[in-house]
Amino acid sequence: MSKPVVFSGIQPSGNLHVGNYLGAVKHWIELQDSDKYDCYFCIVDYHSLTGNRGADERREQTLTTAAELLALGIDPNKSTLFIQSHVPECTELAWIFNTVTPVVELERMTQFKDKSKQQTKNINAGLFTYPVLQAADILLYHGELVPVGADQVQHIELTRNITRWFNKRYTEYFLEPKPLLTEAPKVMSLLEPDKKMSKSLGEGHVIELADEPKVIENKLKKAVTATTGGGKAPGVDNLLLLLEHFADGDVCQQFVKAEKAGKISYSELKGVVAEAVASSFADFRERRAHLLSDPAVLKAQLSDGAKKARVVAEKTMKEARELAGIK
């Protein structure tokens, strides 16, 4: 029997940071290594066209994201890792899905509203139809499970609706995918701990996985801890969260107890967190540098992934075209 298909994608929107790792990639690696699933992991460069990056930056960042995923443990022998635009059938399927998707459903999507606020001078049609392309990404490979956080469930629900709309208009063909909810920790910004860690906030807000130890140390020195008004300190909670995931359990508990007793040293906490994070990704930094030193080998790996993906994608599109009556 075939394994359930897992599909997930990531935008090449900047070097991966600890929030990306704990929120998504760590779970991808666990799914891959469980040997229970047929995993497809995609770098969604078509989706990135809706943003403000230039062409050269996009090309460079796409390769860097691929190198970082491989360096973290995504294994081409266990999973299918590829670049979205290398399998252009997804855009053709997205067009078919556009024709069965009511505009009113897209108007409800919160991500369009959020993205529009972030790039007020570039509110393009791609931002609006983004969820339809996302549905095509998933269904092109007959994805059954999509690992997401709670903030992405709305997109999976739309994908399920698109599945029903297509099947009702033509014939029962696509299966409705299900969200595979991850118990992922929500890592917050170092400088604004009431906001989720994101590169869009600025360089000092994130700890990139590729950051050298000294860079991590300097960033954490500036991290917000206790608030001036007293009470609960989300900045401290955020640092303790990082400690929980990257340091020895006993070390973390010592700081948790110290905080409860009101005897915590923030400077000591920051130093220990910096050391724990830096050492956790030491091997990653070495593997990343090695992969990026030979782009030809990296591109060959991605080409192999695209070939594997296209075997499925071409079959899906052939059948979808026939069902829609366009071939």
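**Leu 269 and the cores**

I started at Leu 269 in this predicted model and listed its contacts, leaving aside neighbours within four places in sequence. Leu 269 touches Val 236, Leu 239, Leu 240, Leu 243, Phe 255 and Ile 264. I then looked up the largest nonpolar core, which has 60 residues. Leu 269 is among the members that touch the most others there, together with Val 18, Leu 69, Leu 72, Leu 220, Phe 246 and Phe 281. I also found another core lying apart from that one, with 35 residues. Its members include Ala 94, Leu 133, Tyr 141 and Phe 174.

**Ala 136**

Next I went to Ala 136, which sits in helix 7, residues 125-140. Is Ala 136 buried or exposed? My note says buried: its relative accessible area is 0%, and the cut-off for buried is under 20%. Leaving aside neighbours within four places in sequence, I find Ala 136 in contact with Cys 90, Leu 93, Ala 94 and Phe 97. Ala 94 is also one of the members of the 35-residue core. I checked Ile 162 as well, 26 residues away from Ala 136 along the chain. The C-alpha atoms of Ala 136 and Ile 162 are 9.3 Å apart.

**Strand 1 and its partner**

I moved on to strand 1, residues 5-10, and found five of its six residues buried, so I wrote it down as mostly covered. Strand 1 runs parallel to strand 2, residues 38-43, and six bridges join the two. Which residue of strand 2 stands opposite Phe 7? I traced it to Tyr 40. With helix 1, residues 18-33, between them in the unit's naming, strands 1 and 2 form a right-handed β-α-β unit.

**Helix 3**

Helix 3 covers residues 55-72, which is 18 residues. I compared its reach with the expected span: 26 Å from first C-alpha to last, close to the 26 Å expected at 1.5 Å a residue. I count helix 3 as mostly covered, with 13 of its 18 residues buried. Just after helix 3 comes Gly 73, and its phi is positive, near 135 degrees.

**Two positive phi values outside glycine**

A reminder to myself: most residues other than glycine have a negative phi. Asp 35 goes the other way, with a positive phi near 65 degrees. I placed Asp 35 in the loop between helix 1 and strand 2. Asp 35 counts as exposed because its relative accessibility is 54% and the cut-off is over 50%.

His 142 is another non-glycine residue with a positive phi, about 55 degrees. His 142 belongs to the loop between helix 7 and strand 4, residues 145-148. How does His 142 count at 30% relative accessibility? I have it as partly exposed.

**The chain as a whole**

I finished with the overall picture. The protein chain has 14 helices and five strands. Its radius of gyration is 21 Å, close to the 20 Å from the globule rule for 327 residues, so the chain is as compact as a globular protein of that length. I noted the C-alpha trace as spanning about 70 × 45 × 40 Å along its principal axes. Of the 327 residues, 48% count as buried. Last, I looked at contacts with a separation of 6 or more: 75% of them join residues 24 or more positions apart.

Methods. Residues are numbered from 1 along each chain as its sequence is written. This is a predicted model: local features need pLDDT of at least 70, side-chain atom pairs count only at pLDDT 80 or more; totals for chains, interfaces and linings use all residues. Side-chain values use heavy atoms; hydrogens and water are left out. Helices (H or I, at least four residues) and strands (E, at least two) are DSSP runs, numbered from the N terminus. The expected span of a helix is 1.5 Å times one less than its number of residues. Buried means under 20% relative accessible area, exposed over 50%, partly exposed in between (1.4 Å probe, protein chains only). Two strands pair if DSSP finds at least two bridges between them. A crossover is right-handed if, with the strands pointing away from the viewer, the path from the first strand over the helix to the second runs clockwise. A nonpolar core is a set of buried Ala, Val, Leu, Ile, Met, Phe, Trp, Tyr and Cys residues joined through side-chain atoms within 4.5 Å. Contact means heavy atoms within 4.5 Å. The radius of gyration is taken over C-alpha atoms; the globule rule is 2.2 Å times the number of residues to the power 0.38.
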